[in-house]
Amino acid sequence: MIAFERVSKTYPSGQVALQDVSFHLPAGRLAFLTGPSGSGKSSLLRLIPLIDRPSSGKVLINGTDIGRVGAWRIPRLRRHIGVIFQNPHLLNEWSVFDNIALPLRVQHYPREETVRRVRAALDKVGLVDRESARPLELSGGEQQRVNIARALVARPSIILADEPTGNLDPELSFEIMRLFMQFNAAGVTMLIATHALDLIDAFDAPRLLLRDGRLTTEGL
Amino acid sequence: MSRKHHPQGSSRQLGMKTRLQAWVDHHQDSFQDALRRLVRRPVGQLLSMLVIGLSLTLPITLLLTLQSARLGLNDWSQELGMVQMFLHASAGQATDGGEDAAHTLFKQLQADPRLREVRMIPPEEGLKQLAELHQFDSLLSEMKHNPLPVVIEVYPQRPEELAALRSELAARPEVASARIDAQAVERLHGLIVSAEHLLALFLLMLAPTLAITVSNTIRLELEHRVDEIRLLQLIGATSGFIRRPLLYVGGLLGLGGTLMAVVMTLFAAHALTEAMSRVGFALPLSSAPVLLLLAALPLGFVLGILAAWLASVVQMRQIRVM
């Protein structure tokens, strides 16, 4: 579950990113976060895994007010959240397998379990035969699928995606969205920020529309 | 996804054995990661180890040499030692028609095969030496009688006989007192101990070289890996998890640098021993300092870890999650 209660965010430079934003995304639901560039989508997403803190208001994750979470508990909180960026942020010196295994290593999973889960994630995104490849040997679409596999391998309860199809062609973008729908069908709460309205029109899911830092439409 | 959503997300129930195995696996992975990081830039890392090694070698070699010299000093003390005899005043006075008892004793001792050298210092020469040594010439010139006795110094062939010789000579009727003189050796001993203390202090001052070199390497490593660290923070890695491979890097650098210092020190000490033995000085490299040197290896490893920890704590404060 993700809930925002009258959240505002102003950066130290004085730029206002979010103003009085409130919404409630129940556990296991998927919603699209839309709006033009600079409307505050990324700022909103960054508050959920505590990359940034709100200037005012409350952000609740699975019922926990994350504003009250101490620094030492932040890593544990982040393990429940998978984040997918437009740029895959893969480690180019590591193999596809090792990139995907990273969240499991962080959580000290035993080796056998790590191998089993990484292979399952690779199967899910259709990259079983590419586990030994380096990221630079992959196409943009394959890199994004590795990024997605890394986000889901530790089975987080929430997945956040920030313009996940921004660099992909329409066919691949559609395929990635279908993948997200499958994860959501399995019970993962998903919040997907995108300005590709024509793409999300094909999917039946509520939308949060941000404009100048204000949430103007809520379909939840 | 093949499972239904669980409200606790990725939380797991792991047995103690599995947790322990996972912990061991993680340390193995971190160690291998550290080795990979060192191997990736071998020249730079070897140079860092060389800097540590060189900065530690000079003082350690000198310290080791001095310790060996001190150990060898016991032998030298016996070689340099002598028995100094102070004769009765009457021994310097000539008997009727013959030479004085002092000269008789001097000649007897010169003929003694157990003695390497015998020297006689008459009262006049003793007074002259005293005047030169302490600049008492004005005071001494006013004295009507020379109060000094005849002194005879004997150097034995076998240094271990020094004590027995002193007892034997002290029992002679001409001899008022006899003592073993090892003052020069004691002074040398004092000098060596002072030099050792000075060098130990110097070594303590150079120990931070190790810390600074390791810290600099860790700082460069962190700068090189900012993106990786940000990603790790985002997926829930603790600071300890991120730091662990860097601690191993620091430990390995400290160990490598100390190992270089130990090898270079042993070579230098060996060369010095050889050189000294060529000019007639035996400078034994005892096993104790060698063992101490080997004990320095784990110390270098631990110091490297501490330096890496400190550097990473300071540096990682400046890295914010992406």
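Which strands of chain B are included in what covers the buried residues of α3(B)? In this predicted model, the cover over the buried residues of α3(B) includes β1 (82-87), β2 (115-121) and β3 (151-156) of chain B. The helix in question spans residues 101-110 of chain B, and its buried residues include B:Ala101, B:Ala102, B:Leu105 and B:Leu109. These residues cover an arc of only 100° around the axis, which puts them on the same side of α3(B).

**Chain B as a whole**

The secondary structure of chain B consists of ten helices and four strands, and along the sequence these elements follow the pattern α-α-β-α-β-α-α-β-α-β-α-α-α-α. Chain B has 322 residues, of which 28% count as buried. When contacts in chain B are taken between residues at least 6 apart in sequence, 85% of them join residues at least 24 apart.

One residue that touches α3(B) is B:Glu174, whose contacts, leaving aside residues up to four places away in sequence, are B:Leu87, B:His88, B:Ala91, B:Ala101, B:Ala102 and B:Leu105. B:Glu174 is placed in the loop between α6 (162-170) and β4 (175-181) of chain B, and it counts as partly exposed because it has 18 C-beta neighbours inside 10 Å. Its C-alpha atom is separated by 9.4 Å from that of B:Gly92, although the two residues are 82 residues apart along the chain.

**A helix of chain A and its surroundings**

Helix α3 of chain A covers residues 96-106, and ten of its eleven residues are buried, so it is largely enclosed by the rest of the structure. The buried residues are A:Val96, A:Phe97, A:Asn99, A:Ile100, A:Ala101, A:Leu102, A:Pro103, A:Leu104, A:Arg105 and A:Val106. They pack against elements of both chains, namely α4 (111-124) and α5 (140-152) of chain A together with α1, α8 (226-234) and α9 of chain B.

How many residues does each chain bring to the contact between them? Chain A gives 31 residues and chain B gives 27 residues. On the side of chain A that touches chain B, α2 (74-78), α3 and α6 (170-185) of chain A each supply at least two residues, and the largest share, four residues, comes from α3(A). The residues of this side of chain A divide into 16 nonpolar, nine polar and six charged.

**Two helix pairs**

Two packed helices are described by the angle between their axes and the distance between the axes. In chain A, α3(A) and α5(A) pack with their axes 7 Å apart and at an angle of about 30°, which makes α3(A) roughly parallel to α5(A). The crossing of α3(A) past α5(A) is right-handed. On the α3(A) side the contact is made by A:Val96, A:Asn99, A:Ile100, A:Leu102 and A:Pro103, and on the α5(A) side by A:Val146, A:Ala149 and A:Arg150; these residues divide into six nonpolar, one polar and one charged.

In chain B, the axes of α1 (residues 16-40) and α9 (residues 239-278) come within 8 Å and cross at roughly 60°, and the two helices are therefore oblique to each other. α1(B) passes α9(B) in a right-handed crossing. Here B:Ser30, B:Phe31, B:Asp33, B:Ala34, B:Arg37 and B:Leu38 of α1(B) meet B:Arg244, B:Pro245, B:Tyr248, B:Val249 and B:Leu252 of α9(B), and the residues of this contact divide into seven nonpolar, one polar and three charged.

**Positive phi values in chain A**

Most residues other than glycine have a negative phi. The table gathers residues of chain A with a positive phi.

| Residue | Phi | Place |
|---|---|---|
| A:Arg6 | near 50° | in strand β1 (residues 2-10) of chain A |
| A:His108 | about 55° | just after α3(A) |
| A:Asp212 | near 50° | in the loop between β9 (207-211) and β10 (214-218) of chain A |

Is A:Arg6 buried or exposed? With 12 other C-beta atoms within 10 Å, A:Arg6 is exposed, while A:Asp212, which has 14 other C-beta atoms within 10 Å, is partly exposed.

Note on methods:
Residues numbered from 1 in each chain as written. Chains lettered and ligands numbered in written order. Predicted model: local features only at pLDDT ≥ 70, side-chain atom pairs only at ≥ 80, totals over all residues. Axes fitted to C-alpha atoms, helices over the stretch in contact; angles between N-to-C directions. Parallel < 35°, antiparallel > 145°, perpendicular 65-115°, else oblique. Left-handed = near helix turned anticlockwise from the far one by under 90°. Contact = placed C-beta atoms within 7 Å. Nonpolar A, V, L, I, M, F, W, Y, C, P; charged D, E, K, R; others polar. Buried ≥ 20, exposed ≤ 12 C-beta atoms within 10 Å, placed from the backbone. Arc of directions from axis to C-beta.
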